[in-house]
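User: I should like to understand how the terms used for a structure follow from their definitions. Please take me through some examples.

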Amino acid sequence: MAFALGRSVRARGNLALAGDQDKAVGGRRGNPRRRAGAVVVARAQEASAGGATQTSTKRTALVKIGTRGSPLALAQAYLTRDLLKQKHPELSEDGAIEIKIIKTTGDKVLSQPLADIGGKGLFTKEVDEALLDGRVDIAVHSMKDVPTYLPKGTILPCNLPREDVRDAFISPVGNSLADLPEKSVIGSASLRRRAQILAKHPTFEVVNFRGNVQSRLRKLEEGDVTATLLAYAGLRRLDLQDKITAVLDLEEMLPAVAQGAIGIACREGDEPMMAYLDSLNHPDTYTAVLCERAFLTALDGSCRTPIAGHALRGPEGNLVFSGLIAHPDGLEVHRINDLSTSFDNDSAVLLGEEAGKMLKEKAGATLMDFLNAEVEGFNPNQAPTK
């Protein structure tokens, strides 16, 4: 389905970010993200022992990187560090880059669904605060954790090349969701995954399953659940592909908005950091994630709303987008496929907005009213009013 877009819209700097094809940029053995994943646990212990810093502080660091402390977050921070060193000789010297681990609310409270304690912004709030008060110079985030607003005084001008966007299925029982017996228990904290699973397998039970990648895999091995789904990108960055039973195609499981993308924020007006980040930005990823996040904004999407979206550069060089909104129990799933426009930031934002409007109309008032009631007036993708 072609979707022609003639008019232009100013791209929002604060909407920030982009996407690429789901063919994985970092799958090669020589890629720095793979090296980072292989040693990330040891480095995490080293960082914790050194007062939450990864490098020596004998000299004043030119760049202080803020990150969560999970192995995956650290792998992404090390990737960022390594790319900065490659691009800028002055940053390759000892102590020029310092990594600071910041504990977030999302890391501390694991017993409740994310939607019940404040949403995905709880994985970024404390890191953003450290950025604003000068404890760090740049902040590295998983883009799917970043709300569609950014804290005043920050910008997100950089996306690293996107990883494979698909979800991975992991189970000791079957080779696919369809192989699992009726009433199987699936561990997932994602309403997006829950809705798409239950739409096709209504007898399954999907239970809250939070924690870092390693803890979820451990719970699966201990028999807490029959299967789980994790982002393929995270498993690749941690060099844990051997744990994967199958990678789900996009028809079976459309990914989260901005899945597989890493975003790097800095303070507004910080010219040296903006120059560093500009050298790392991957334009295709940035443009595609702009589209996906505009779509999420148009749907007023939150972590209480099962929404999926994926944009990429098509075979003819155009931007192609597919999106989905669903009832949390999979009772309704509404999807649009292969909307198309030219591949530039303004058109990407416009396409995302129009796709959101189209899906709202397709879903109808009954489902949208239900989803809005579920949010109960709180949407972590909207900027605070106080």
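Analyst: The structure holds one aromatic pair; rings of Phe, Tyr and Trp (its six-membered ring) pair if their centres lie within 6.5 Å, and planes under 30 degrees apart count as stacked, over 60 as edge-to-face and the rest as tilted. This is a predicted model, in which local features need pLDDT of at least 70 and side-chain atom pairs count only at pLDDT 80 or more, while totals for chains, interfaces and linings use all residues. Residues are numbered from 1 along each chain as its sequence is written, and side-chain values use heavy atoms, without hydrogens and water.

User: Why is K219 said to lie over the face of F209?

Analyst: A charge sits over a ring if NZ of Lys or CZ of Arg is within 6 Å of the ring centre and within 35 degrees of the ring normal. K219 is at 5.6 Å from the ring centre of F209, so the distance satisfies the cut-off. R236 likewise lies over the face of Y232, at 5.3 Å.

User: What makes a set of residues a nonpolar core?

Analyst: Its members are buried Ala, Val, Leu, Ile, Met, Phe, Trp, Tyr and Cys residues joined through side-chain atoms within 4.5 Å; buried means under 20% relative accessible area, exposed over 50%, partly exposed in between (1.4 Å probe, protein chains only). The largest such core has 36 residues, and C291 and F295 are among those that touch the most other members.

User: Why does this core lie between domain 1 and domain 3?

Analyst: Domain 1 (60-160 + 261-281) and domain 3 (282-379) both give residues to the core, so it lies between them; the bounds come from an automatic or database domain assignment.
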